[in-house]
Amino acid sequence: MGSKTFRAAFVAALLLGGLIHGQGADTGLCAVAVRAFNDGSWQFALTRFRKLAEDYPQSPLRPSALYYGGLCSLYLEDTARARAVFDELARTYPNDPFTAKSRIHLCRILLDGGKPAAAVEEGRSALQRFKLGDREGELRLVIAQGYFRLGAEEAALKELSAIAGPARDAARFELASWHFRKGRFAESEAILAELGARLPAAGTNREASPEPELRQKALFWLAKSVFHQRRFDEAAQRFDAVLGEGLDALSPMAQEARFLKAYLPYEKGAYSNAVQSLSAFVDGEEGSPFAPDARYFLARAREETGQEVLALAAYQDFAAGGPTNRYYADALQRAVRLYARRGDETRFSAALSNLEAAGKTSKDEVALRELATFFLDRDPARAEHWYRRLLANGAKSIESLKGLSYALLKQGRSDEANQTLRQAAEASKEPAEKAELLMLVAENHYEERKWEEAAQAFRKVADAFPDLPRAEDARDGLAWSLFQKKEYDKAWSAWSDARRARDPKLRRSAWFGMAESSRFGGNAERALEEYDAFAKNFPEDRRAVTARQRAAKILYDRREYARAFTQFSLLREQAGAPADRIHAVYWMAWCRLQDKNEEEAISFFRSLPSLDPRWEDARTADGALVAAKLLLSKKQDAEARGVWERLVAVLPTASNTNMGALKEAWYQLMVLANLQDRETDADFCFGKLADLGSGPSDGALLYTAAGAVADRAYEKQRWERAAAWYGKSLAHATASRDKRLATFWLGVSQKQGGKLEEARDTLTGLVAAGADGGKNEFYWQGLIELAETEARLGNLPRAEQAWRLISSSAPDEGLRQRARESLSVRSVNSERGQVSAETNAAKLVEMAQRLSDAEAKAMALLKLGQEAAKRPSQAQKASEYLKEAANLSTGETGAKAQRSLVKLLFQAQQFEVAWQEGMAYLYQYDRYREGMDELLWMTSEAAGKAGQKKDAKRLADRLRKDHPSSPFIARLTGS
């Protein structure tokens, strides 16, 4: 239920979050229920949603409470209760959006419960009664499944054909399943192919033949046919099948089959594999008529993999066989290109001479073009000179014009370059030439990032020459231009047309572009399908890894961690580059962490150095940091410390030091030493941290680090050390709020340590700054601390003046109460009546009834409840007083009342109610730390005795983690 639980909780947070901004009791109850729902506490959430629905029938939150209460019942596997709640929702609120959503859940319950007829009837009724929007398809799919189970296939097919939107793919898959059940395998395969499903191609159909040789030829040409359709993996299997048919090893058919199988990786673009397969063929098939072709494509494969020296040697070896091979001139031309690229002018000239001798091309034209190309990036002005020389000699080829245009662009003369191309296009009589020249104009615009001009130019070519090959490139260019303009829907449509291109590279570009457009256009679901299809259909394409990465990240961002983990796992297997494998493993760890599988997450994070021994990738150190934090959270302090110590030892020696990780490691070592009261080590680590930098971000880190040491010293009541470190924290603070915070705690530490004069000066400065800049929270907190300091110094009039100001004007009720108590522990405001602190129950009841101020009344009821709780016979009255006090106050008084109520119920052994009230305290008053360890202990014990084992364990774990020295830990029974 993990992923379903999280999605439901996330939806609840989104939907209900917009509803709970009010101040009523139903709002508070709803907030508690939502927090429990999001936390996975279904039983507790159900009690709160049910209470809201029953106690507040007129609340606008009641429909949502019924709906999510029904979901809680579903997750608790109480389908009967869920259906009853959904029926009540539909009956009471027929037009509410939650009603429509509940119908889908209800239909699924009926269908899964073996009642297809009821599911169909309920679904058809819901379609007529409710507006389901995008979820209509989901309901229709359930109806169709019900019809299939009833044997009403025609009705089911009609429903499936009506489905659109997000559920369409699921409907198409259902239709394919029906075809399969009916034995209509061709129709089923066609649908699954349209969906890009993961089904293998159909196997070879080997029918018996009276003539084995004819059978061999049929299989061979079938393999070649598959090969020409670019179904390469299937072609390889079919060539193996041909070679397994008993052919003579020296027969032309067998030799060609072996050559084509060796050539397959080259055609797929897997050039490294092609080098291996073609090398093996050349070595083992010396006398084969296909050996020259193999040597040529071996040279091409080496060139594609950057092995230029070996490629040149291979071209020379190939050319040594003479000009009889059809690739002879192309090999020489490629050698010329490589010589030009390498600046070897002597061999460059010799190769041109060989080309002329072969009668394949004009020496002057080729030489000038290669020479111009050689200078194109090195010296554009010289390249322009040679291209103009070519054009003057009559070599007005597209390549020459393209080179001249590029040379002009490199010199910043783009208008002149495009004008040259347009004039040439107008003068040309050949449509293909016109298209090529106009394409160059479009590409120039694109190169200059003039997306609008580029889009118009590409569209012009595509519209004017729709049947020419360059129109396919134009449609691809148009799509990319629209994409760059962020017109993603238009780009997607353009690529949708372009994916039918004859050129396989353009088809791949179109598929990838569609996925990119879907992603950036916000259609994540469609992007997922398209990235997945691209990675499966073109695994050898360099962008397949990118497609996997982006699909996985979309799933991760959508919190579908299990599916994201699968994608990252595929990426790890598919990735060739170390950085891609590191990326995959890093995110696999995060997926496991998000799914609460911390042990496996730690294992993945800690495996990163094996992929990156030199710690050059930032994710290696980042992963180690996360692993250390996880180890620390599991009380494995020594292991966490070992990881951080390795980080601070290794990172300074890395060629690309991850400074952020290094600082974080020193910081965590300091925090751990501080928590373990190894003060000397903590001070040493802080010094190392301070030595690493002093920029703005470093200042923030040092401010936080010094504050952590100060907080620990304060907690240990080492006031002098606390004051010294709060002073360091203040010295590094840059933000105004941080400065106020550090100043406040500096003053408090000085006061607690008896440095009253210093405390008065510090707190006076804080209060004065707050008075000038608006009375923020530190103004009031500082003022009350200053008042208490003045009182201890004997300046009672000043202290009383400050207390009166706080009691009347402070925005926080806790501060007002603290000031009132300081003014007089025996009185509340005289205008509201005196609430006696005496223990006379009758007087307290009378005062509570007379008070109109909610907070003062709550204080009186709290005192009344606490007094009544001392007498067992008054337990029921005490419970009532404390509940009313908690309802009246949202501040510290309410927290005290709620905590007292839990204790009262626990002592009375009313464990079910004590568990519920304790959970309510944790969701409403968890900001109050006083008595929190006792509260956690009581609620955990009550949950265990009430049968809520999950909550009992979770609360016990929190007690151990947040209050490791609490005496209540020893009192945990594990019940």
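Tutor: Two residues are in contact when heavy atoms of theirs lie within 4.5 Å, and the model we are reading in these terms is a predicted one.

Student: Leaving aside neighbours within four places in sequence, which residues is Phe 605 in contact with?

Tutor: Phe 605 is among the members of the largest nonpolar core that touch the most other members, a group that also includes Tyr 531, Trp 615 and Met 670. With neighbours within four places in sequence left aside, the contacts of Phe 605 are Tyr 586, Ala 589, Trp 590, Leu 593, Gly 623, Val 626, Ala 627 and Leu 630.

Student: Which helix gives the most to the largest nonpolar core?

Tutor: That core holds 79 residues, with Trp 644 and Leu 647 also among those touching the most other members. The greatest contribution to it, 10 residues, comes from residues 659-675, which form helix H36.

Student: How many residues are in the other core that lies apart from it?

Tutor: This other core is separate from the largest one and includes Leu 61, Tyr 68, Leu 935 and Met 938. Its residues number 68.

Student: Which secondary structure does the chain have, and how many helices and strands are there?

Tutor: The chain has 975 residues, of which 49% are buried. Among contacts with a separation of 6 or more, 50% are between residues 24 or more positions apart. As for secondary structure, the chain comes to zero strands and 51 helices.

Student: Where does Asp 612 lie, and which side chain of opposite charge is nearest to it?

Tutor: Asp 612 sits in the loop that runs between helix H33 (598-611) and helix H34 (618-633). Although Asp 612 is buried, it has no salt bridge, a pairing that would need a side-chain nitrogen of Lys or Arg within 4 Å of a carboxyl oxygen. At 7.2 Å, the nearest side chain of opposite charge is that of Arg 614.

Student: Which backbone nitrogen lies 3.0 Å from a polar atom of the side chain of Asp 612?

Tutor: Beyond residues up to four places away in sequence, Asp 612 touches Ile 582, Asp 617 and Thr 620. The backbone nitrogen at 3.0 Å from a polar atom of its side chain belongs to Glu 616.

Student: At the start of H44, which backbone nitrogen does a side-chain oxygen of Asp 812 reach?

Tutor: Helix H44 spans residues 813-823, and its buried residues include Glu 813, Gln 817 and Arg 820. The side-chain oxygen of Asp 812 comes to within 3.1 Å of the backbone nitrogen of Leu 815.

Student: Is Cys 30 buried or exposed?

Tutor: The cut-off for burial is under 20% relative accessible area. Because its relative accessibility is 0%, Cys 30 counts as buried.

Note on methods: Residues numbered from 1 in each chain as written. Predicted model: local features only at pLDDT ≥ 70, side-chain atom pairs only at ≥ 80, totals over all residues. Heavy atoms only, no water. Buried < 20%, exposed > 50% of the residue type's maximum accessible area, 1.4 Å probe, protein only. Helix = DSSP H or I, 4+ residues; strand = E, 2+ residues; numbered from the N terminus. Lys, Arg positive; Asp, Glu negative; His and termini not counted. Polar contact = N/O pair within 3.5 Å; in protein donor to acceptor, adjacent residues only side chain to side chain. Core = buried A, V, L, I, M, F, W, Y, C linked by side-chain atoms within 4.5 Å.
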